[in-house]
Amino acid sequence: MTEHDDLVEAILGGHRTTEAEALAVLRTSDEDTLDLVSAVARLRRAYFGMTVKVNYLVNLKSGLCPEDCGYCSQALGSSSEILRYTWLKADEALEQARAGLDGGATRVCMVASGRGPTDRDVERVAGMVGAIKEEHPQTEVCACLGLLKEGQAERLRAAGVDAYNHNINTAESHHDSIVSTHTYADRVATVAKAQGAGLSACSGLIAGLGESDEQLVEALLALRDLGSESIPVNFLMPFDGTPKQQTWELTPLRCLRILATARVLAPQREIRIAAGREMHLRSLQTLGLHLANSIFLGDYLTSEGQAAQDDLALLADGGFTILGADEVPGERRGGGPAIRRRGAGTTEAANA
Ligand code: SF4
């Protein structure tokens, strides 16, 4: 038995992970990380079996944001060459949602850039949600529209929205170094408004923003205490044209330790591997799924993910099942081995 096994055993018996224990998990050495994953995966299986919740993002409005979040390609001052467009029409939003649902997603995340919605924006989204729910009544809809004003969460709930995403992004003690146009308290207040209206809170963080180990644990503890029911763990994607360009603080093993820390702190919550999964976990994505129990299918807000078929193959290859889906993800069977036609014996360059 390792100390990780002891901690997991205690958690299964009702122990609440302390800050010191979480820090120790986060600071596991590279060579002990596989043992850590093996131990913490027991928590994931105890509460979620081998199921993976598949979520799909629809970016309703991209770029053009007046806020200055330093990590964000959509922020004021970002010169990232992302798609910039204003609100999708209702039929376009429905078409995008349909694509994700057909691909196996059970939750659609309707996202719009900006500080927060006007009441007119909320009505626009309410109409879109109604159309999605009419066509796909079982689908969960999460809205992510920024800081909410009084009454807006209630209106979204009445329109059929199930959850509201608003990430705290980082620790309170680190927040002001990444954004100046709103405060940590603003973000927490919006999470509370969503909860007050009966929406399920989805709030997470971005790792790799220059935070210390203590600050990463601080953020995860805050999310636990806030009652975030689903916790997206984003790994910073350092877009060119943002203040965080060329910021590379993460390794695949570090990402696994971050997911393990999230799991020991919030063993029964949905932990979602969000943006940066392919870029940072790379060949260890499957191991990540033994800690987390939720992913996004396909593309992110302003960057492309791996092909949706590769996401589904990742689940099938790992023996995972899609939560809420009738079928197990299809195994990918190709057309047999590709015959080598390069390198030795040919005039084509070698694959090296
Ligand atoms: S408020 Fe949202 S869209 Fe705007 S800069 Fe911040 S993270 Fe990006």
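In which loop is Cys-72 found? In this predicted model, Cys-72 lies in the loop between β1 and α4, and Cys-65 has its place in that loop between β1 (51-61) and α4 (90-102) as well.

**Annotated cysteines**

An unreviewed UniProt entry places the feature "binding site" at Cys-65, Cys-69 and Cys-72. The same record, again as an unreviewed entry, lists residues 50-274 under "domain: Radical SAM core"; over residues 50-274 the chain is 36% helix and 18% strand, with the end C-alpha atoms 18 Å apart.

Cys-65 counts as buried because 22 C-beta neighbours lie inside 10 Å, where 20 or more are required for that class. Once residues up to four places away in sequence are set aside, Cys-65 touches Gln-74, Ala-75, Leu-76, Ser-113 and Gly-114. Cys-72 is likewise buried, since 27 other C-beta atoms lie within 10 Å, and, with its neighbours within four places in sequence left aside, Cys-72 is in contact with Ser-78 and Thr-242.

**Surroundings of the ligand**

The ligand is surrounded by Cys-65, Glu-67, Cys-69, Cys-72, Gln-74, Ala-75, Ser-113, Arg-115 and Gly-146. Cys-65, Cys-69 and Cys-72, which carry the "binding site" annotation in UniProt, are thus named among the residues around the ligand. By class, the residues of this shell divide into 4 nonpolar, 3 polar and 2 charged. Gln-74, Ala-75 and Ser-113, which belong to the shell, are also among the residues that Cys-65 touches.

**Backbone with positive phi**

Most residues other than glycine have a negative phi. Leu-64, although not a glycine, has a positive phi of about 60°, and Asn-169, also a residue other than glycine, has a positive phi near 75°. Leu-64 is placed in the loop between β1 and α4, whereas Asn-169 is found in the loop between β4 (163-165) and α7 (172-175). As to their burial, Leu-64 is partly exposed because 13 other C-beta atoms lie within 10 Å, while Asn-169 counts as buried because it has 22 C-beta neighbours inside 10 Å.

The neighbour counts given above are set out in the table.

| Residue | Other C-beta atoms within 10 Å | Class |
|---|---|---|
| Cys-65 | 22 C-beta atoms | buried |
| Cys-72 | 27 C-beta atoms | buried |
| Leu-64 | 13 C-beta atoms | partly exposed |
| Asn-169 | 22 C-beta atoms | buried |

How values were computed: Residues are numbered from 1 along each chain as its sequence is written. This is a predicted model: local features need pLDDT of at least 70, side-chain atom pairs count only at pLDDT 80 or more; totals for chains, interfaces and linings use all residues. UniProt positions are given in the numbering used here, feature names are shortened, and annotations may be inferred rather than shown by experiment. Helices (H or I, at least four residues) and strands (E, at least two) are DSSP runs, numbered from the N terminus. A residue is buried if 20 or more other C-beta atoms lie within 10 Å of its own, exposed if 12 or fewer, and partly exposed in between; C-beta atoms are placed from the backbone. Two residues are in contact if their C-beta atoms, placed from the backbone, lie within 7 Å. A residue is near a molecule or strand if its C-beta atom, placed from the backbone, lies within 6 Å of it. Ala, Val, Leu, Ile, Met, Phe, Trp, Tyr, Cys and Pro count as nonpolar, Asp, Glu, Lys and Arg as charged, and the others, Gly among them, as polar.
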